[in-house]
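Me: I have a structure to read and some questions about it. Please keep the answers short.

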Amino acid sequence: MQEFKTIEVTTDLLIIGPGMSGSGACVEGAHWAKENNVKITVVDKAAMERSGAVAMGLSAINQYTGDNTPIDYLSYVRQDLMGLCRDDLVMDIARHVNGTVHMFEGFGLPIWKDAEGNYVHEGRWQLMINGESYKAIVAEAAKNAVGIDNIIERVFIVQLLLDKNDKNRVAGAIGFSVREPEIYVFKFKACIVCTGGAVHVFRPRSTGEGLGRAWYPPWNAGSTSYLTTTAGAEMTSQEVIFVPARFKDGYGPVGAWFLLFKAAATSATGFNYMAEGLSEGGELHNWPPYGKVKPIPTCLRNHLMMIEMFRKGEGPILMHTDKAIQAIAEKAPDERAKKRELKKLEAEAWEDFLDMTISQAIIWAAKDVFPEKGPSEIMPSEPYFIGSHSGASGAWVSGPEDLQSEESKSDYFWGYNRMTTVKGLFTAGDGVGASSHKFSSGSFTEGRIAAKAAVKFCVENPEMPEIDMAEVEKLKEKIIAPLKHYEEHKKYTTLGTVTKKYDLPIEEVNPNYITPKMAMFRLNKIMDEYVAGWGSQYNCSATTLNIALDLLQLLKEDFSKLAARNLHELMRCWENIHRTQIAEAHTRHKLFREETRWPGYYYRSDFPKMDEEKWGDVFVNSVYDAEKDEFKVFTKPKHKIVDIKEVVGM
Ligand code: SFD
Ligand code: AMP
């Protein structure tokens, strides 16, 4: 095995994961850092130009408030989350997000404009963009702001290090290069962990040749959750995953079809489940008050679809792209204009996918789908952790002081905006819980907010914390253990890890070790079958959740047998350890909240209804004790900082 070199980097503020929120942190942080003589360093497991969820590009900016007020946005988010969000955090982003979008335009991002030069809206909050190069454009600005010499790419951060003299203060981070045999040890005063959400915790619907295809990018593997929880940060809403409704197999987005093209989705028998659900006596009336609001909350839209597919057996669900395109074209004044309009709509439909989900365009092409000629299937996908979209998992952070009420201040504010309960440890984007619907623009905005506060923290806490070097030595051994384990045991079998059976590559079973791929399959199976994945039609109960907790414990024990053939597989090993942390937190939160609040995301079959009295006013929070390997799960109050009437328009 190669010898590993140790590289030490000392800085003031470390930005871990320059995706959308991390790029926002770079742009804003660089400004305040220069004024205050603070040094910023950035580290990414990938190449910043195309890292994170926006790597493939996006076709819309989903948060732009325009002339709406932050309270308008809050009312939308609170309803979509079935009543549970942090009002202060949501409004804080909403009041700054327009500035971010204008900044993006300044960076060179093409935003669609109409004949009068106004932005083209997809829906009330969403703007259409030509976004194939969205991340590259934003990353270029971020790189220029912090300076190329301060950016370290291809280094996977494994764990945070705490101050030797204060276990509630962060002091460093440790990771390894995925290209060279190098361990990186960072020492700093503060850090912003913005390493995204988590994919492949639940079994994906894709199998065989499509395996690995998922809605969420395969490279975000729960690191934000692992890094913050294992440092002792309080987490919130880990039970609130997101199940995106997507075009079948390619996971193409539906937003543009529903909002821009005004398409309807129906069951195979033509039942317009959303319209019917809202009508007098419809299913949505069983979920007051959120079932009666517009837009219908994301989970309830899923719920209605699931009733058709799984309870009534009237799937597949069809998105009537053809009818929508025809209906828009019909409005043209004459036949020639209609033809022109049809061509334009057809191009827009393809671009929607080509800008962000290229594989869906490939599937359409491969299956001879013409969106203007016939409908396409949509499906609820597997669950993901993405607190910045329509899920809510993440850390419990301090909010802005000026947006607190008398009651909220003691629970929601402790000094620095977006700092977790661990001193000097900040987060943003998917990292912050109970404040969803920030998407790309809101995540960038939140990164800006966090960076400004983190620089302030560095200025006001100028002493350098001390890391425990003995612990670092132990961690170095632990980090590379899977490489050693492979070397020690590889000769037990003769074929390496991959062999062929019936002409298919299969992973060889070596009784001494577990490969990262097999570890992931094992995690996926546990989560799918016992924690409400698609295989169990999103159902779970205390019984199944407890089985999952036992199996997760066994899986964690077997992680000492993980084997990696190279640095890439070493990263895959650590990704699975990160994933399993969020899997366990999620399972414990689901078990604790004895109700079904987000039908369409998951169902507690033993508590099939929403229980407003017991659970309507509380978040489920948790703290993990890494030394004891124990979770403490408890509730935190929801404060309505603003009283708003439910029911808003689209
Ligand atoms: O509509 C480590 N999102 C959309 N937002 C929009 O505004 N419009 C859309 O059109 C969107 N669509 C969409 C979206 C997401 C996805 C997955 C798809 C489609 C398919 C949401 C946004 O993308 C999302 O809100 C933000 O990107 C969240 O930002 P952030 O910063 O929380 O995460 P990131 O951008 O993924 O960045 C993560 C970074 O961390 C790095 N990283 N680095 C070091 N060590 C480790 N251990 C690390 N682990 C991860 C990553 O490399 C990356 O740099 S729509 O279809 O839904
Ligand atoms: P999606 O493509 O599903 O990620 O959606 C993009 C944006 O449109 C997000 O803000 C969604 O919440 C929103 N959206 C998608 N479908 C609908 C719908 N049927 N009604 C209201 N909003 C929607």
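Me: In which strand does Thr-266 lie?

Reply: This is a predicted model, where local features need pLDDT of at least 70, side-chain atom pairs count only at pLDDT 80 or more, and totals for chains, interfaces and linings use all residues. Residues are numbered from 1 along each chain as its sequence is written, chains are lettered from A and ligands numbered from 1 in the order in which they are written, and side-chain values use heavy atoms, leaving out hydrogens and water. Strands (E, at least two residues) are DSSP runs, numbered from the N terminus. Residues 265–266 form such a run, and Thr-266 lies in it: strand S13.

Me: Is Thr-266 buried or exposed?

Reply: Buried means under 20% relative accessible area, exposed over 50%, partly exposed in between (1.4 Å probe, protein chains only). Thr-266 has a relative accessible area of 8%, so Thr-266 is buried.

Me: With which side chain does the side chain of Thr-266 make a polar contact?

Reply: A polar contact is a pair of N or O atoms within 3.5 Å; within protein, one must be able to donate a hydrogen and the other to accept it, and residues adjacent in sequence count only if both atoms are side-chain atoms. For Thr-266, the pair is at 2.7 Å, and the partner is the side chain of His-320.

Me: How far is an oxygen atom of ligand 1 from an N or O atom in the side chain of His-389?

Reply: Ser-21 offers a side-chain N or O atom 2.6 Å from an oxygen atom of ligand 1. Ser-223 has one 3.0 Å from a nitrogen atom of the ligand. For His-389 and a ligand oxygen, the distance is 2.6 Å.

Terms used: Helix = DSSP H or I, 4+ residues; strand = E, 2+ residues; numbered from the N terminus.
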